[in-house]
Each structure stands twice: as C-alpha cells, then as structure tokens.
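Hi,

Here is the structure I promised to pass on. Have a look at it first, and my notes on what turned up are underneath.

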Amino acid sequence: MATMAELLTEIGTAGEQNRSAEETDAFFDQIQSVIARMAQNPDRLIDAEAGSLGGALEFLEDLPYRSQLLSIDRTIWAQSAVQRREILDGLHRKIVQYRKWLLDPTVWTPLEPGAPDGEYVFAMPFDVLP
C-alpha cells in the first residue's frame, strides 16, 4: 500500500504540473520517469521495462476490476480538462485513504502469529484501488 500511495502521489504531482492537453507528452514522460525510479527498489512490484502504466503495475491487471488509472492513455488525457480534473481528484482521494490505512495498525492482519511488519495484510476494497 505504501508503494501505491507513493506512486499515486508522484502521478498526481505530474498531472498537476502538466494539466493542459498540450502537456500530455510531458505528463507521460514524467510517469515513465517515476516508474523507472520506483522500479529500482527491489521491494516494489513495478516493472521499469513496461511501455505503459498498466504494464508497470501488472499485478493490478489480474484483478476482477478495471482501474481508471491503468486505462489512462495519451488520447484520454488530452481529451478534456474536466476529465483530467476528475482523474486527479480521484487520485488525491485515494492517496488520503491509503495514508489513513497505513497509519492505522488496527486494519492490518498478520499472515501468521508473530509475523514481522512486512507480512501483514489488509483487505482493500476494489473501489479504492488505483
């Protein structure tokens, strides 16, 4: 969840910096840069060689849910300022929720008794996935 929160924060920042249709290429260039940087950490499930955000986060593609974030492409981003604002607002809402959950130890369940911190799980609702 920490990886998703960090990734969404970076994507949100890139989106806010490149909100116009004319800045679509710059937005996607920044996303590629974020993915490449985050993929350098072997603890993260991000594929730096992927050609798209969806490919970089392939662990989300197998879920029975279609992510708004994974379906964003250059055409969709360039189409409408209203749509870009809706996407960015949705990202910000998810980031706030992720941070609440990250800081709330009562929502996390250990995989086994005495499990170390990295082996706790959380049942996240589909509607708050990126």
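Of the 130 residues in the protein chain, 35% are buried. Keep in mind that this is a predicted model, so, going by the predictor's confidence in each residue, some parts deserve more trust than others. The mean pLDDT of the protein chain is 79, with 77% of its residues at 70 or more. Among the elements, β1 has the highest mean pLDDT, at 92, while helix α3 (residues 53-56) has the lowest, at 54.

On the overall layout: the protein chain has 6 helices and 2 strands. Read from the N terminus, the order is α-α-α-α-α-α-β-β. About 7700 Å² of the protein chain is exposed, and carbon and sulfur atoms supply 52% of that. If you take the contacts with a separation of 6 or more, 54% of them are between residues 24 or more positions apart.

Now the aromatic rings. A pair of rings is described by the distance of the centres and the angle of the planes. There are 4 aromatic pairs here. In one of them, the ring centres of Phe-27 and Trp-77 are 4.0 Å apart with the planes at 10 degrees, so this pair counts as stacked. Phe-27 sits in helix α2 and Trp-77 in helix α5 (residues 74-79), so the pair ties together parts that are 50 residues apart in sequence. Both Phe-27 and Trp-77 are buried. Phe-28 comes into the picture as well, since ring pairs link Phe-27, Phe-28 and Trp-77 into a cluster.

Another aromatic pair is Trp-108 with Phe-122. Their ring centres are 5.5 Å apart and the planes are at 40 degrees, so the pair is tilted. This one also links distant parts of the chain: Trp-108 is in the loop between α6 (81-102) and β1 (109-110), and Phe-122 is in the segment after β2 (120-121), 14 residues apart. How accessible is Phe-122? Its relative accessibility is 21%, and because buried means under 20%, Phe-122 counts as partly exposed.

Next, the charged side chains. As a reminder, side chains of opposite charge can pair when their charged atoms come close. The structure holds 4 salt bridges. Arg-85 makes one with Glu-16, and the closest N and O atoms are 2.6 Å apart. With Arg-85 in helix α6 and Glu-16 in helix α1, the pair ties together parts that are 69 residues apart in sequence. Arg-85 is partly exposed, at a relative accessible area of 28%, and Glu-16 is partly exposed too, at 26%.

Arg-85 has a further partner: its side chain meets that of Asp-89 in a salt bridge at 3.0 Å, N to O. Here both residues lie in helix α6, 4 residues apart, which is about one turn of the helix. Asp-89 is partly exposed, with 31% relative accessibility. Salt bridges that share partners join Glu-16, Arg-19, Arg-85 and Asp-89 into one network.

There is also a salt bridge between Arg-74 and Asp-25, where the closest N and O atoms are 2.8 Å apart. Arg-74 is in helix α5 and Asp-25 in helix α2, 49 residues apart, so to speak of distant parts of the chain being linked is fair here as well. Arg-74 is partly exposed, with a relative accessible area of 39%, and Asp-25 is partly exposed at 48%. If you have the model open, look at helices α2 and α5 together: the stacked rings of Phe-27 and Trp-77 join these two helices, and so does the salt bridge of Arg-74 and Asp-25.

One last spot to look at is Glu-22. Where does Glu-22 sit? Its place is in the loop between α1 (2-17) and α2 (24-39). Is Glu-22 buried or exposed? Its relative accessible area is 72%, and because exposed means over 50%, Glu-22 counts as exposed. In sequence, Glu-22 and Ala-78 are 56 residues apart, yet in space they are 7.4 Å apart, C-alpha to C-alpha.

That's what I have. Give me a shout once you've had a look.

Cheers

Note on methods. Residues are numbered from 1 along each chain as its sequence is written. This is a predicted model: local features need pLDDT of at least 70, side-chain atom pairs count only at pLDDT 80 or more; totals for chains, interfaces and linings use all residues. Side-chain values use heavy atoms; hydrogens and water are left out. Buried means under 20% relative accessible area, exposed over 50%, partly exposed in between (1.4 Å probe, protein chains only). Contact means heavy atoms within 4.5 Å. Accessible areas come from the Shrake-Rupley method with a 1.4 Å probe; for residues, only the protein chains shown count as cover. Rings of Phe, Tyr and Trp (its six-membered ring) pair if their centres lie within 6.5 Å; planes under 30 degrees apart count as stacked, over 60 as edge-to-face and the rest as tilted. pLDDT is the predictor's confidence in each residue, from 0 to 100.
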